[in-house]
Amino acid sequence: MTKREQATAKGRRVHRRIMLWSMLVIALGAMIAPLGGYLFVEIAGAQGFEEVNPRSETTWRDVREGNTGVTTVLGDETGVLIQNGGENWRQLRNGIVANVMPWVLLAALVAIVLVYFIGGRHRLDEKPSGAVVPRWKLWERVLHWTTATLFILLAITGLSLLFGRAVMIPVMGPEGFAAYAGGAMNVHNYVGPVFTLCVAAMALAWVWHNIPTRADLEWFKAGGGFLKGRHPSAGRMNGGEKVWFWFIVLVGGVVCATGVVMDFPIWGQTRETMQQANLVHAVASILWIGLFFGHAYIGTLGTEGAIDGMKTGYVSVEWAKQHHDLWYEEVKDQEVDASEIGLTSGVATTRTPPEKPASTG
Ligand code: HEM
């Protein structure tokens with residue numbers, strides 16, 4: 001072997017040795033280095049540091065605790081990735097609210113059925129003669145029926161969103177419900193503000209009829225005429241109608257206000273505000289729907305002739321005298337014959353045929 005060949009062979013051996021040692025160091029290092037963590041924990045423990053996972057402390061735990069991080073997105077709370085109150089809200093909404101409120105609606109329906117069977121319908125004592133008095137102007141009727149239509153739309157879509165998961169998914173399947181719920185949510189979100197304006201207009205327009213008076217007290221003492229044969233005196237609106245009106249202003253006002261808070265998150269509402277608004281909105285609106293059942297029953301089946309006013313604008317003088325005697329005294333000079341103003345439908349127009357003149361023959 002020449003000197004040159006000897007040097008080359010030695011170089012190769014050195015290379016191989018370096019490679020072997022390197023691989024050994026890497027393998028041992030890869031096994032030993034992670035164990036250094038235990039050393040760190042031991043030292044930290046000996047120095048009295050809390051034993052915590054350093055990564056969970058700095059990242060995930062901060063996120064879970066709802067702490068504010070750093071973000072370039074501008075806006076309130078944008079630095080808070082997870083807001084823990086959401087879990088409490090979910091449990092309250094899907095727990096107490098979703099489980100208790102259906103019973104409120106059922107109780108309202110049962111109460112109406114009992115009133116119907118025990119108290120019976122409030123029929124007119126006297127047959128309508130055909131004479132009528134004006135009660136609601138056209139714009140008032142348009143406002144009332146627009147509000148009522150929007151209310152029913154909101155009630156159906158709102159109840160679907162609250163109870164759909166439990167009631168509709170088993171029937172429609174998840175895909176069908178998801179498609180319906182998307183539409184229902186949009187209808188609810190867009191109709192809500194228009195309805196709010198209608199409720200505000202109604203409240204302003206009719207507040208003057210609904211100021212409580214002494215006659216209302218007497219009306220309540222007489223049970224609102226629930227007991228047959230008693231017709232407590234009432235002005236333009238009776239005590240029960242005033243309760244409905246002020247319920248709309250107060251509880252309905254809360255429903256509308258919380259709806260607006262959720263619909264327009266542009267005034268710096270935090271997620272917590274939205275969660276609280278959502279719970280109050282759900283509870284108050286179901287109370288409203290319960291009372292609405294009562295209002296719709298009294299206005300249709302429950303009281304003969306009441307719907308005429310909201311349908312035609314006029315009520316029969318017999319109805320006016322029986323249900324709102326004090327108000328009738330104020331409007332009796334506006335009495336007209338239904339046929340004169342072209343009324344063709346409703347109780348008010350079922351004129352008693354005039355008596356035939358006795359035959360002279
Ligand atoms: C389909 C459902 C409804 C029916 C059948 C109905 C029926 C009636 C009737 C017949 C009247 C006239 C009563 C009278 O002349 O003394 C009336 C008045 C009224 N309705 Fe309705 N209504 C319905 C829905 C609603 C809704 C959803 C609201 C509000 C959200 C509402 C709010 C009112 C108010 C505020 C009054 C006047 C009572 C007062 O000023 O005290 N109604 N309704």
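1. Ligand shell. In this predicted model, the ligand is surrounded by 24 residues, and the closest are Ala148, Phe151, Glu241, Phe245 and Gly299. Two or more residues of the shell come from each of the helices α5 (138-167), α6 (169-206), α8 (239-263), α9 (271-302) and α10 (306-312). Sorted by class, the shell around the ligand holds 13 nonpolar residues, eight polar ones and three charged ones.

2. Confidence. The protein chain has a mean pLDDT of 88, with 90% of its residues at 70 or more. Among its elements, α8 has the highest mean pLDDT (97), and helix α3 (residues 54-64) has the lowest (70). Helix α8 is also one of the elements that contribute to the ligand shell.

3. Residues 349-361. In this stretch the pLDDT is below 50. Beyond near neighbours in sequence, residues 349-361 have 11 contacts in the model. Where pLDDT is low, predicted coordinates should not be read in detail.

4. Domains. The protein chain is divided into domain 1, covering 3-64, and domain 2, covering 86-349. A distance of 75 Å separates the C-alpha centres of domain 1 and domain 2.

5. Sheet. An open sheet is formed by three strands in the order β2-β1-β3, with antiparallel pairing. Strands β2 (314-316) and β3 (336-337) lie at the edges, each pairing on one side only. Three bridges join β1 (residues 131-134) to β2 in the antiparallel sense. Val133 has Val315 as its bridge partner in β2.

Definitions and conventions
Residues numbered from 1 in each chain as written. Predicted model: local features only at pLDDT ≥ 70, side-chain atom pairs only at ≥ 80, totals over all residues. Pairing = 2+ DSSP bridges. Helix = DSSP H or I, 4+ residues; strand = E, 2+ residues; numbered from the N terminus. Domains from an automatic or database assignment. Near = placed C-beta within 6 Å. Nonpolar A, V, L, I, M, F, W, Y, C, P; charged D, E, K, R; others polar. pLDDT = per-residue confidence, 0-100. Contact = placed C-beta atoms within 7 Å.
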